[in-house]
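Visitor: I am new to this structure. Please take me for a close look at the surroundings of the ligand, and then place that spot within the rest of the chain.

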Amino acid sequence: MSEQLLRYERLANELGGLISSGTLRPGDRLPSVRRLSDERRLSASTVVQALRQLEDRGLVEARPQSGFFVRHGGITRPEPSARTTLESAVQVDVTQRLVRILQTSSRPGMAPLAAALPSPSLLPVAALHRLYAGVARRHPKLLEGGSHINMDEPALVRQLVRRSLSWGGPLAAEEIIITNSCTEALALSLRAVTQPGDTVAVESPGYYLMLQLLESLGLQALEIPTDPRTGISIEALELASRQGKVAACLLVANASNPLGCLMPDENKRRLAKMAAERGFAVIEDDLYGDLHFGEQRPWPIKAFDTAGNVILCASFSKSLSPSLRLGFMAAGKYKAKIALQKTIMSGGTNPITQNVLAEYLESGAYERHIRTLRRTYERQVASMQDAVSRYFPAATRFSQPQGGFVLWVELPEEIDTALLYEKAIAVGVAFVPGELFSPSGMYRNCLRLNCGNPHSAEIEDAVRRLGRLIAGVVS
Ligand SMILES: Cc1ncc(COP(=O)(O)O)c(C=O)c1O
């Protein structure tokens with residue numbers, strides 16, 4: 001027994017040494033179990049034990065059906081730096097800059113590294129087509145006038161409640177509102193809990209669409225330092241809220257955009273408690289909650305909310321199709337106010353789509369689909385990290401997303417990614433410059449890459465071209 005222990009430990013130490021010396025680099029595949037077993041004259045179980053030990057030490061990761069690979073976890077590539085200082089609230093002004101990116105990045109032939117959109121090849125489009133046809137045939141009255149008004153489809157609400165059963169306490173059916181996408185849910189929430197001129201605390205870096213919403217509603221943004229692994233700083237939020245300035249906190253706790261960070265449960269609990277004590281609303285965007293890379297579906301902050309201050313918003317845009325425009329919210333104590341806003345703003349949500357989704361969820365197909373999709377996104381993110389390691393300058397840092405499918409990249413200080421963007425689109429590659437993730441224009445040397453597409457030769461080539469442009473600036 002002790003002999004065997006020594007053997008697998010010896011192999012683990014040997015491979016670990018090759019990793020820390022850089023002989024085996026992030027993204028490299030380790031020799032297969034069979035090869036190591038043949039070459040070292042060890043049993044397969046001893047080799048597997050050694051590999052598992054390396055996995056526990058965070059040095060390698062197993063990828064389904066592909067073997068073991070050297071991880072990117074801070075061995076040779078540190079993660080992006082975390083900001084620690086609290087800035088003042090600022091007026092938001094991102095729309096002008098964003099319009100240019102949105103227009104140019106979707107030009108035909110442009111490599112799709114900008115918008116956070118999944119490849120259609122990963123989505124169950126055929127199944128959805130069938131369901132649309134079936135629902136329209138079986139429920140002809142759904143298209144009769146007026147059937148949409150304030151009609152949150154009970155079957156869909158039931159499915160949403162059912163899916164939340166494992167969150168320590170299910171959502172209450174009465175607080176659910178079905179929306180046209182997550183964006184509508186976020187906009188309705190902000191309208192309900194703020195007045196123009198109010199301050200909203202946001203993650204920094206944080207998702208630009210949220211910043212646009214603040215801009216359009218005349219709200220100030222207070223950038224809260226956000227750790228690439230553990231998310232928004234609870235201490236900084238505490239400080240800001242103690243000064244009484246925060247009307248709401250708008251954030252993505254599970255696999256944020258752009259960092260992919262995951263708030264620990266303890267921080268979620270503290271935030272829910274703080275919001276209740278200080279009387280501000282938490283608007284939680286849980287769009288990526290189902291797309292986690294860890295074993296367990298992370299709980300939303302909503303699971304820790306006892307006072308009704310947390311509004312959960314989500315949609316199926318990243319898991320089923322962005323074109324469904326189907327989202328929902330659990331509105332807590334703001335339910336009545338938001339339901340009224342919803343009626344005023346859009347009158348309801350397409351009843352056919354609601355029924356399609358209810359049937360898809362009820363059949364169990366959704367759970368099967370996201371089980372595969374999560375692993376696919378994880379693999380695509382890992383491939384993008386490998387490509388960035390290969391083609392970007394050695395001082396580049398990048399995030400270790402805990403879910404979703406975007407990668408945040410920090411380049412050497414001298415690179416201005418807004419200028420780089422102009423050169424990149426000229427060679428057919430789009431990305432989102434870092435400054436769009438900050439209302440005060442921070443992160444000029446950062447960029448976000450979409451990993452929503454299978455890592456094809458075209459994607460690899462686009463990253464290579466980008467790397468070459470960056471090298472031209474650095475040298
Ligand atoms: C964090 C986050 N929230 C909301 C959205 C938009 O979601 P929807 O298409 O459902 O409006 C996105 C899309 O990229 C996102 O990343």
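Guide: Helices (H or I, at least four residues) and strands (E, at least two) are DSSP runs, numbered from the N terminus. Each chain's residues are numbered from 1 as its sequence is written. The model is predicted, so local features need pLDDT of at least 70 and side-chain atom pairs pLDDT 80 or more, while totals for chains, interfaces and linings use all residues.

Let's start at the ligand. There are 14 residues around the ligand (C-beta atom, placed from the backbone, within 6 Å), and those that come nearest are S181, C182, T183, S315 and S317. Helix α7, residues 181-193, supplies three residues to this shell, and no other element gives more. Sorted by class, the shell holds seven nonpolar, six polar and one charged residues (Ala, Val, Leu, Ile, Met, Phe, Trp, Tyr, Cys and Pro are nonpolar, Asp, Glu, Lys and Arg charged, the others, including Gly, polar).

Now step back to the whole chain. It has 15 helices and 15 strands, and its C-alpha atoms fill a box of roughly 70 × 50 × 50 Å along the principal axes. The domain assignment, which is automatic or from a database, splits the chain into domain 1 (2-70), domain 2 (90-119 + 370-474) and domain 3 (123-366). Taken over C-alpha atoms, the centres of domain 1 and domain 3 are 42 Å apart.

A few backbone details deserve a pause. Most residues other than glycine have a negative phi, and most peptide bonds are trans. One exception is the bond joining S204 and P205, which is cis, with omega about 0°. To find P205, look in the loop that lies between β5 (199-204) and α8 (208-216). Another cis bond runs from N257 to P258, with omega near 20°. P258 sits in the loop between β8 (246-251) and α10 (265-278). R325, a residue other than glycine, has a positive phi, near 50°. Its place is the loop between β10 (310-315) and β11 (327-330).

Next, turn to strands β1 (residues 60-63) and β2 (residues 67-70). They run antiparallel and are joined by four bridges (strands pair if DSSP finds at least two bridges between them). V60 has V70 of β2 as its bridge partner. Three residues lie between the strands of this hairpin, where Q65 takes a positive phi near 60°.

Our last stop is an open sheet of four strands. Its order is β12-β13-β15-β14, with antiparallel pairing. The edges belong to β12 (397-398) and β14 (432-433); each has a single partner strand, so one side of each is left without a neighbour in the sheet. For β12, two bridges make an antiparallel pairing with strand β13, residues 406-410. Within that pairing, R397 has E410 of β13 as its bridge partner.

To return to your spot by the ligand, look for S181, C182, T183, S315 and S317, which come nearest, and for helix α7, which gives the most to the shell.
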